[in-house]
Structures are given as structure tokens and as C-alpha cells.
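Please open the model in your viewer and keep the selection tool at hand. The tour below goes from one selection to the next and says what is found at each stop.

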Amino acid sequence: MSEVAWLSAAEQARKVRTREVSARELVHTYLDRIAALDGALGAYLLVDAEGALARADAVDAAIARGEDPGPLAGVPVAIKDVLVTEGMTTTAASRILAGWVPPYDGTAVARLRAAGAIVLGKLNCDEFAMGSSNENSAVKPCRNPWDLERVPGGSSGGSAAAVAAALCAASLGTDTGGSIRQPAALCGIVGVKPTYGRVSRWGAIAFASSLDQIGPMARTVEDAALLLETIAGVDPRDATSVDAPVPRYRDALGLGAAGLRIGVPREYFPDALDAEVRAAAERAIAALREAGARIVDVSLPHTRYALPTYYLLAPAEASSNLARYDGVRYGLREGGPAGKASLLDMYRQTRGAGFGAEVKRRIMIGTYALRAGYYDAYYKKAQQVRALIKRDFDEAFAAVDLVIAPTTPTPAFKLGEKSAPIDMYLADVFTLSCNLAGLPGVAVPAGLSSAGLPIGVQLLGRPLDEATALRAAAALERTVGLGRRPPHAP
Amino acid sequence: MAALTREEVEEIAYLARLALSAAEVERMREELSAILAHMDALAEVDTSGVAPMTHAVPMDLRLRPDEPQPSLPTEVALAGGPDPRDGSFQVPHIIKTASEP
């Protein structure tokens, strides 16, 4: 099928601006691919063909008039369904929000559109971004374009699968404990979890507000950099957005790794680590050394506590954030006022019927941890350990510019393979600390397993230093990249 | 941490405003007990003198000028609810009037 779909977003925008290809042609190309391939993949929850074509015509008309629609002129993107989009149904892949149409665009989406990007549709994910395999979507599962028996990762599984299969040029995901980087690794693409506060959370359906970040997912580091510089920056509508200048991230990509000090944390290479994941990470480290980086052993001693810390704090925040789904203001209502149910029964019935099993589990864990009498033992304790995890990184970054680690403990696993909740939680074991410490993390492909599945590494940087992580990721892209397309996306 | 009882699960579900079936309560009891057992590892960390971390980046409470900004029209803001009427979200009665049973 059409090669133009596989061009980078940056290259597509160049071709649209020089009228070598029209925005309409680009949108049609992706709509055709979605129609042909997404039945097997399940990446999209909604495709807005009419809206995308209308927007493409507006971009083409602006260019014909001699105007510049922006650095993403005509580039077809798609959006994780936890980000609100004006006039486009947004459900967070939950029954409780079925049919909900938001009245506004979130800031990141609005900034993409203002730069000329065209929103093709909304992407599948785990319900309310809670999961590591996309199997918690209340709508349908999503599959990995490298092997349809396997998961794309989660929670931004649709965002990763759609980019990997060239069903859009690039996408947005959200990352609370690895939900951008983990699926990016399992689908063989680039995913950026920005520094906490780097990208406005306005319009992101809240999961765990002290951890959530929106970030780009793309087939090249350059595209991820281009999208990040478009969506990043302070926003008066998000009081936690950081008021710091946003660099032109693309400028740093050609600098190579020479002179960088890169730390290898021994806690991320346990004896039990999957042999192929270890080998891929070691190849990536060797490639960076070859490129002139200085490789340094570092220790992040509280790494093993990241999982219990995260799975207390994130559910605690979620139990509070999800209190708003009560049958009054959004979507689903079960019982009253037409029925006989009391207000309390209406809340309980709506939430009992509307939330899936994993969301209920996390609300329950969070409610338990915040309950009077348990607060100090669980929530406060976890916040203190979080401070120690952050301190580990502060100490490491006194000696190194970046930390490199495997993104996931294994390549993509099979649908249905992880049935116990704690086994699924362990799929995030390498990605959680980055969120707890508020750091930027860039996941980048580092080769294929013997079974032909992508393996990724992540580069974690100092707060607000996405540029250095992207620069090292670009060096890896040139040396240990995958070099081929997924078999289920011709 | 001892395993949770059914009564504890039911109480937490009540606090969380979640209606759970009997089967869900039992499954939740088993799963939450297993998950919380993993959390006990935190008890071994010495956190004496460590301030709880509430934010990933240092930040001050930012104030904006108190000026009116454009906002959504009422009917647009209400449109996403299951039962918007008369400029408000309709809910079941919470106060009974004297004439009602």
C-alpha cells in the first residue's frame, strides 16, 4: 500500500507545504489503511473521516492561498481516547463514558491542530489508562502489528499499534507509570514521557494527577521531537504546567552521543532479566560507547520499592479523581430519577455497572489506602518512599547526564497470558520510577528478539532535559534501530 | 498485613460508592489481599525524617489575575449529562417534601 503512509511526519509536512502531496491525499491514504488493516488490529475506537477530510481541504486551501498552516501542515495524527476532543466522542475506553462528547479540545490536541495537524480519530487504550496490555479496554482488545497473538502493551496500546502499523503519522498517548514507553517498546516505536509539568494536562481525563503526563508516540525520534516541541510549554489552564522555555528539540538530534555521561543502573539488570532484553540493552550501551559516550555504573537503590509505591499512590489518586463519574454529569446513569433508586443507590449502581474490573480494583485499593487509620501506614509511607526514589536519581544525575535501562522486562506477551493483577503490574516494573521522580523518559527501539518482536530501551534525563534524552535516542536510532516494518502492516 | 475479610471489602466498596455483586466481593477480597501483601515491602524502608513527596517538581501555588474569562454556555456544559433539564443536572430527590410518602 501507499508508501506515503510510512514517511515521517516531518517529511509529510514538508511535502504538503511544497504541494508535492495534498493533505487530502494523505488523509485518504490513512483512511484506506485503517479500513484494510484495523479490523485485525483494533487500534481505533473512532474514525472521523468526514472531519479529517474537511480539515485537510482547509489545509490545502490555505497553502494554495500562500499561507503556512504550520510545522505539522496536513499531518494525520490520532489521539488516545483519554484526551478530550471537541465534538468527537471520548470514552477513555470505559462503559461509564459511553457516548460522551466533550465540548472542548484539551491543550495538547488544540496545539497540534493549531500547528496544522489533522486528527483522524481516537485510539484504543486500557480503561481510564489503567493497564499494561490494552486488555482492559471495555470496547475491544488491541493487537500488536508484529504478532497478532500478542498485546501492543498499555495503556496507550492503540496509540502504539496505530503508529507502528502506519495507520497515522504519529499519535498522542499518556504515561502515568509507563503507559507511553511500555507500548512504544512492545510495538517498536519511539515514545516520550515528558518531565512532569512539561506538557499541560488540561483536557487529559485524570487518572493520577501527580504522575500523569501527555506525550508523543512516533516512528522516528525527529517526529517525537517535533510533536513534543509543538505540545510542550506552560498553559494558564494547568497550574502544574512548568513555566520554562521549550527548546527546539530537533536541533539537538544530530549532535550524537559524544561526550555524554550515561549511567547504567545495576538494579535494572537483575539476574532474572530476559536474556534477549539484556542483550539488546547491552548492544545499545555498546553503541553509545562507540559513539563517544562515557558509560558509568550507577545505583538506584530504592528501585525495588517503586512498584508498591506506585500501586498505592496511583490508585489513591485515581479513587479521588474517578469520584466524578457518578451518573450525574457524564455518560451512563443507572437508577433514578425516573427509577426508584435513591441518590446513593444511583451512584453505586452507576459505578458498579460502568467501571470494569481493573478500574474497580484500583478504586478499592485507593479507597483502602486513604481510609482513616490507614493513611499513615500506606499513603504517607508511599509518599516518603517516593521522595527516596527521587533522591536516588538526584544523586545519580550528579555524576551522569542520562540513565539508560531496558523499557520492559520482556518483549510483547500474549493476550490472556497475565491473569493475576500483580503479574500485569510487573510489566511496568522498569517504567514506574521515572513517573514517581517526575523525570523525562524516551523509549526507543533497540532491536528485535529471535522471534521477531521489538525490544526497547529508555533514556531517563534530568528534569526538563528532554533534549539530551532525545539526542541519545537519535544516536541509537541510527545504530540499533529495527530496520524493518511489522509483518501485519504491509 | 492480614488478609481482608468480606466485611472489610464491603465497607470499602460502600465508601467508594461501588455496587459489587457477591461474586465480585469474594474475588476482590482475594485479589486485594494479594496486592496489599506486596505493599508490605514498604514497611522495611527507613523513612524517618523523610518529608512526604506530593509533587514531582517543586512548585508554588500560582495565582492568576481574577478576571472574567469566556466559558462554556450552560446548555453546552450540561449536554454531556444523562438528564439535563431546566438549566441543571437532574438527580433523584434527596429531601422528601411533606406531601410525599
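Select α11(A) to begin, in what is a predicted model, and colour its buried residues, which are E358(A), V359(A), K360(A), R362(A), I363(A), M364(A), I365(A), G366(A), T367(A), Y368(A) and A369(A). With 11 of its 14 residues buried, α11(A) is mostly covered. The helix takes in residues 357-370 of chain A, and the 20 Å from its first C-alpha to its last is close to the 20 Å expected at 1.5 Å a residue.

What lies over these buried residues? Show the surroundings of α11(A), and the cover proves to include α9 (306-321) and α12 (376-396) of chain A, together with α1 (6-15) and α2 (22-39) of chain B.

Next, select the residues through which the two chains touch: the contact takes 59 residues from chain A and 43 residues from chain B. On the side of chain A, α9, α10 (343-354), α11, α12 and α13 (421-425) each supply at least two residues, and the largest share, 11 residues, comes from α12(A). If you colour this side of chain A by class, you will find 33 nonpolar, 15 polar and 11 charged residues.

Now hide chain A and look at chain B alone, which has three helices and two strands, running α-α-α-β-β from the N terminus on. Its C-alpha trace spans about 55 × 50 × 25 Å along the principal axes, and its radius of gyration is 23 Å, whereas a compact globule of 101 residues would have one near 13 Å. Of the 101 residues of chain B, 15% count as buried.

Staying with chain B, select D83(B), which is found in the loop between α3 (74-78) and β1 (84-85). Is D83(B) buried or partly exposed? D83(B) counts as partly exposed because it has 15 C-beta neighbours inside 10 Å, where 20 or more would be needed for a residue to be buried. Add A41(B) to the selection as well, and you will see that the C-alpha atoms of D83(B) and A41(B), 42 residues apart along the chain, are separated by 46 Å.

For the last stop, bring chain A back and select V77(A), I118(A), L470(A), A472(A) and A473(A), which touch the most other members of the largest nonpolar core, a set of 177 residues. Centre the view on L470(A), which, leaving aside its neighbours within four places in sequence, is in contact with V221(A), A224(A), A225(A), Y249(A), A252(A), L253(A) and V442(A).

Technical notes: Residues are numbered from 1 along each chain as its sequence is written. Chains are lettered from A and ligands numbered from 1 in the order in which they are written. This is a predicted model: local features need pLDDT of at least 70, side-chain atom pairs count only at pLDDT 80 or more; totals for chains, interfaces and linings use all residues. Helices (H or I, at least four residues) and strands (E, at least two) are DSSP runs, numbered from the N terminus. The expected span of a helix is 1.5 Å times one less than its number of residues. A residue is buried if 20 or more other C-beta atoms lie within 10 Å of its own, exposed if 12 or fewer, and partly exposed in between; C-beta atoms are placed from the backbone. Two residues are in contact if their C-beta atoms, placed from the backbone, lie within 7 Å. The radius of gyration is taken over C-alpha atoms; the globule rule is 2.2 Å times the number of residues to the power 0.38. Ala, Val, Leu, Ile, Met, Phe, Trp, Tyr, Cys and Pro count as nonpolar, Asp, Glu, Lys and Arg as charged, and the others, Gly among them, as polar. A nonpolar core is a set of buried Ala, Val, Leu, Ile, Met, Phe, Trp, Tyr and Cys residues joined through C-beta atoms within 7 Å.
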